[in-house]
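Subject: Structure handover

Hello,

Here is the structure I promised to pass on. Please open it beside this email and follow along.

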Amino acid sequence: MRESRFWFLMEGEFGPNYAHVLADSLVLSQYQMSVKATLEAGVSPRDVWDAVCDQQDVPAERRLGRDIAPKR
């Protein structure tokens with residue numbers, strides 16, 4: 001997963017503003033760092049996203065992001 005996809009999923013789940021506040025303030029218990037610090041430390045965005053979802057109780061059906069209808 002690219003970091004751009006990570007931010008797309010974060011903003012889709014938590015909203016465009018709160019996603020960045022959460023990334024600054026949420027300390028991931030698995031890494032003992034904030035979401036942003038974990039990404040900056042080089043941890044895979046996929047692993048960080050999974051940790052955020054686990055810690056924030058994001059249901060499995062929303063972990064891949066919202067469905068986007070195809071363009072016609």
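A question to begin with: is S44 buried, partly exposed or exposed? S44 is partly exposed, because its relative accessible area is 29%, and the buried class stops under 20% while the exposed class starts over 50%. S44 sits in the loop between α3 and α4. Look across to M1 from there. S44 and M1 are 43 residues apart in sequence, yet their C-alpha atoms are 7.6 Å apart in space.

One caution before the rest: this is a predicted model.

**The whole chain**

The protein chain has 4 helices and 2 strands. Read from the N terminus, the order is α-α-β-β-α-α. The radius of gyration is 12 Å, and the globule rule gives 11 Å for 72 residues, so the chain is as compact as a globular protein of that length. Along the principal axes, the C-alpha atoms fill a box of roughly 45 × 20 × 20 Å.

Of the 72 residues, 32% count as buried. The accessible surface comes to about 4900 Å². Carbon and sulfur atoms account for 49% of that surface. Now the contacts between residues at least 6 apart in sequence: 46% of them join residues at least 24 apart.

Charges next. There are 9 positive and 11 negative side chains. The centres of the two sets lie 10 Å apart.

**The core**

The largest nonpolar core holds 19 residues. Inside this core, the residues with the most contacts are F6, M10, F14, V35 and V48. Four helices feed the core: α1 (3–14), α2 (18–25), α3 and α4 (45–55) each supply at least two of its residues. As background, nonpolar side chains in soluble globular proteins tend to be buried together.

Take V35 as a way in. Leaving out neighbours within four places in sequence, V35 is in contact with F6, L22, A23, L26, L28, V48 and V52. Two of the other residues with the most contacts in the core, F6 and V48, are among these partners.

L22 is on that list too. L22 is found in helix α2. With a relative accessibility of 3%, L22 counts as buried, because the limit is under 20%. Apart from neighbours within four places, L22 is in contact with M10, F14, V35 and Q56. L22 and V52 are 30 residues apart along the chain, and 9.6 Å separates their C-alpha atoms.

**Two polar residues to check**

Start with T38. T38 belongs to helix α3, which covers residues 35–40. Its relative accessible area is 0%, so T38 is buried. Not counting residues up to four places away, T38 touches L28, Y31, M33, V43 and V48. V48 also appears among the contacts of V35.

Then S34. Its place is in strand β2, residues 33–34. The relative accessible area of S34 is 15%, so S34 is buried. Beyond four places in sequence, S34 is in contact with A23, D24, L26 and V27. Set S34 beside S44: S34 is buried at 15%, whereas S44 is partly exposed at 29%.

That is the handover.

Best wishes

Technical notes: Residues are numbered from 1 along each chain as its sequence is written. This is a predicted model: local features need pLDDT of at least 70, side-chain atom pairs count only at pLDDT 80 or more; totals for chains, interfaces and linings use all residues. Side-chain values use heavy atoms; hydrogens and water are left out. Buried means under 20% relative accessible area, exposed over 50%, partly exposed in between (1.4 Å probe, protein chains only). Contact means heavy atoms within 4.5 Å. A nonpolar core is a set of buried Ala, Val, Leu, Ile, Met, Phe, Trp, Tyr and Cys residues joined through side-chain atoms within 4.5 Å. The radius of gyration is taken over C-alpha atoms; the globule rule is 2.2 Å times the number of residues to the power 0.38. Accessible areas come from the Shrake-Rupley method with a 1.4 Å probe; for residues, only the protein chains shown count as cover. Lys and Arg count as positive and Asp and Glu as negative; His and the chain ends are not counted. The place of a charge is taken as NZ of Lys, CZ of Arg, CG of Asp or CD of Glu.
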